Amino acid sequence: MAVGLSIFRVVSNDELARQEREQADRELQARQSSELMLGIVGYLRECWDAAKIAKKPIEDIMLRAMRQRNGEYEPEKLAAIHRQGGSEVYMMITEVKCRAAESWLRDILLDTGTPPWDIQPTPIPDLSPAQLQDLRNAFADMVARLLQEELRAMTPHEMAEAKEAVAQEYRFKLLQAAQNRADKMKHKISDQFAQGGWADCFNDFITDLVTYPAAILKGPVVRRQRTLGWEQDASGRTMAIPVDRIAPEYERVDPFNFYPEPGITNIQDGYCFQHHPLTRTMLADLIGMPGYDDQAIRKLLEEGNGSSWINQDIELIKEEEERKYYTEMRPTQIFDALEFWGKISGAMLREWGMSEDEVPDAALEYDANVWVCGNFVLKAVLNYDPLGEKPYAKTSFIKCPGAFWGKGIPEIIEDLQNVCNAAARALVNNMGISSGPQVEVNLERIPPNEDITQIYPWKIWQVTNDPTGSSAPAVRFTQPEANAQTLMGVYERFSRLADEHSGIPAYLYGDLNVQGAGRTSSGLSMLMGSAGKGIRQVVMHIDSDVIKPVVERQYIYNMRYDEDESIKGDLQILPRGAINLANRETMNVRRIEFLNATANPADMELMGPEGRAALLREVAKSLQMPTDEIIPSRETMTLMQRKPSGEAMQGRGMKTVPTQPDGSPKGGQQANLVTSNASGGAE
């Protein structure tokens with residue numbers, strides 16, 4: 001009986017790796033070159049072309065705004081000035097106004113010591129099933145206790161009163177618990193803002209707001225962060241180590257890199273594109289991030305070829321205005337990726353590979369997020385927001401009803417800037433012309449070797465006889481008229497109009513030449529209060545269009561993904577930028593007055609230690625004091641109340657009052673001794 005022999009082919013590890021790479025390349029090529037994927041890229045290209053063409057007039061406005069702030073003439077205007085000759089002076093009125101507006105807004109929104117937003121429980125917090133059951137149990141316990149005490153059945157009126165008493169007590173406890181959750185959520189979001197770069201991006205956002213037709217802020221966006229972590233080595237020493245983590249971040253979106261759908265008013269109305277100029281390092285960092293096609297990114301890095309859809313001419317002009325010269329010569333390779341947010345048909349999403357659970361109806365349109373670079377689709381996922389909103393927020397310094405793009409300060413005072421420039425050029429030219437005489441020379445009476453281009457004191461002119469026999473001098477001097485006073489009046493008049501048109505008066509940034517009511521301190525205060533009405537409208541735009549939606553999205557993110565259940569609750573976001581502007585000066589004075597007015601035994605009995613602590617907490621916050629170090633938290637006060645009164649107060653460094661058997665103070669001492677200590681007064 002013959003025994004069959006099997007021959008096994010031995011393949012090296014390198015050969016196996018090569019075969020796996022070839023198989024992955026074939027799968028990627030099939031996926032990226034399929035009719036579906038080419039159709040998606042074609043659809044995105046069609047949307048992109050429409051958005052890019054519609055934004056061209058806005059790009060021209062933004063470039064003019066950049067030149068105005070930089071003190072540069074438009075190329076056509078500069079060419080006309082060169083043809084005419086004379087001065088090229090540019091008066092920096094726009095830059096001064098923009099800087100003053102930025103400082104004003106930062107002072108209102110960033111330099112107050114408290115964030116320009118707050119989180120509070122809703123007036124009637126929603127009850128969970130467990131809380132409803134607790135309410136029923138409390139009512140049943142009260143009814144049982146009353147029946148045991150009265151030994152009779154309760155009347156309907158008594159039953160209603162008991163139910164109302166239980167509801168009031170439980171509602172008070174519920175509101176206290178909700179406020180505690182709101183405070184914890186606020187601290188959590190403040191920490192996420194600090195680690196996610198909120199301060200830097202919001203600072204840049206304010207610069208865009210006063211300069212361009214719109215300012216755009218993005219977030220929260222989950223990204224990989226590389227930070228420092230801390231661990232102890234074998235000897236117990238603390239060591240710093242790099243740590244990679246996934247966390248929410250915020251970024252200022254360059255208005256030049258944002259392309260909305262033509263004809264929309266708000267970002268949520270239609271699709272939009274964001275241009276991402278990515279270096280190889282930035283592109284490689286996307287590998288391993290949720291939703292990205294790792295194979296497509298690796299192939300793009302390997303080939304190094306991602307055909308750009310961006311207008312490079314606009315990019316080069318913008319970079320030169322930003323003083324980024326010769327960027328086209330840098331050896332770093334840039335990949336122009338486009339991030340798309342908008343509607344995609346369910347049929348296309350299903351053909352991508354999404355299940356029927358993710359896309360229930362193929363006929364509907366679904367919000368999707370797609371990244372494309374050239375013909376490579378780097379990412380294609382559904383919008384992760386539960387309401388389908390895009391992670392962008394935008395507003396304008398001056399909003400135009402029905403329009404996506406508003407107006408910035410450079411566009412508002414563009415004509416006034418041009419008039420002031422013209423007056424300044426004419427003034428400089430006139431000063432130069434009228435600084436000396438105009439000289440008329442009769443060349444027939446000047447010897448051939450005489451230098452007529454130089455004039456200096458005590459110069460001797462050698463002349464010949466006039467062939468015509470005229471007695472007119474060979475050299476005549478004419479003094480041009482000086483119009484400096486008239487031109488200065490024109491310049492000052494139109495520069496004052498720039499104050500009115502922009503809403504940023506000169507006395508806000510140190511101009512002492514204030515006429516009329518501004519010559520007294522009270523009058524100047526009234527003028528500054530009136531000027532604040534214009535900036536208050538801008539702050540209200542920031543509150544409603546940017547701060548509130550961004551904080552709400554971070555709140556929803558924490559409600560969905562944070563593991564700490566103690567911060568979650570039925571909460572509402574309250575933007576406070578306009579309130580900070582209106583009440584910043586008077587609120588602190590009123591709080592301190594109220595604090596002093598309630599430092600008496602009667603009010604203390606009504607407020608209790610918790611109310612007094614809450615009042616002290618708010619006053620300390622407004623004065624930018626270390627609140628947590630001065631005032632005990634609600635949890636600490638609860639523990640203090642559970643201890644004997646003497647032990648609790650001694651633990652906080654407070655003096656106790658000796659009492660009589662009936663509880664009243666001995667020796668006529670006042671019961672408000674402890675409260676006066678808490679409010680900062682003398683004992």
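**View 1. Helices α4 and α7 cross at an oblique angle.** Axes here are lines fitted to C-alpha atoms, for helices over the stretch in contact, and angles run from 0 to 180 degrees between N-to-C directions. This is a predicted model, where local features need pLDDT of at least 70 and side-chain atom pairs count only at pLDDT 80 or more, while totals for chains, interfaces and linings use all residues. Residues are numbered from 1 along each chain as its sequence is written, and side-chain values use heavy atoms, with hydrogens and water left out. Helices (H or I, at least four residues) and strands (E, at least two) are DSSP runs, numbered from the N terminus. With that settled, look at α4 (residues 93-109) and α7 (residues 198-211): their axes come within 9 Å and cross at roughly 140°. That makes the pair oblique (angles under 35 degrees count as roughly parallel, over 145 as roughly antiparallel, 65 to 115 as roughly perpendicular and the rest as oblique). The crossing of α4 past α7 is right-handed; a crossing gets that label if the near helix is turned clockwise from the far one by less than a right angle, and left-handed if anticlockwise. On the α4 side, the contact residues (heavy atoms within 4.5 Å) include Cys98, Leu105 and Leu109, and on the α7 side Phe202, Ile206 and Val210 are among them. Sorted by class, the contact of α4 with α7 has eight nonpolar, two polar and two charged residues. For the sorting, Ala, Val, Leu, Ile, Met, Phe, Trp, Tyr, Cys and Pro count as nonpolar, Asp, Glu, Lys and Arg as charged, and the others, Gly among them, as polar.

**View 2. Helices α13 and α14 pack roughly antiparallel.** Here α13 (residues 414-434) and α14 (residues 484-502) have axes 9 Å apart, at an angle of about 160°. This time the crossing is left-handed. Among the contact residues are Leu416, Val419 and Leu427 of α13, along with Leu487, Tyr491 and Phe494 of α14. The contact of α13 with α14 holds 14 nonpolar and three polar residues, with no charged ones.

**View 3. Three strands make an open antiparallel sheet.** The order is β3-β2-β9, with strands counted as paired if DSSP finds at least two bridges between them. At the edges sit β3 (238-253) and β9 (392-395), each pairing on one side only. Direction ignored, neighbouring strands of this sheet are turned by 25° against each other on average. Between β2 (residues 215-232) and β3 there are 15 bridges, and Ile216 has Val253 in β3 as its bridge partner.

**View 4. Helix α9 packs on a five-strand open sheet.** The strands run β4-β5-β6-β7-β8, with antiparallel pairing. Both β4 and β8 (376-382) have a single partner strand, so one side of each lacks a neighbour in the sheet. From one strand to the next, the twist averages 20°. Six bridges link β7 (residues 365-373) to β8, and Ala368 stands opposite Leu382 in β8. Helix α9 (residues 294-303) touches β6 (334-345), β7 and β8, and its direction makes about 160° with that of β8.

**View 5. Confidence varies along the chain.** The chain's mean pLDDT (the predictor's confidence in each residue, from 0 to 100) is 78, with 76% of residues at 70 or more. Confidence peaks in strand β4 (residues 258-260), at a mean of 95, and is lowest in helix α21 (residues 673-678), at 38. Residues 31-37 stay under 50, and the model gives them 16 contacts beyond four places in sequence. Where pLDDT is low, don't read the predicted coordinates in detail.
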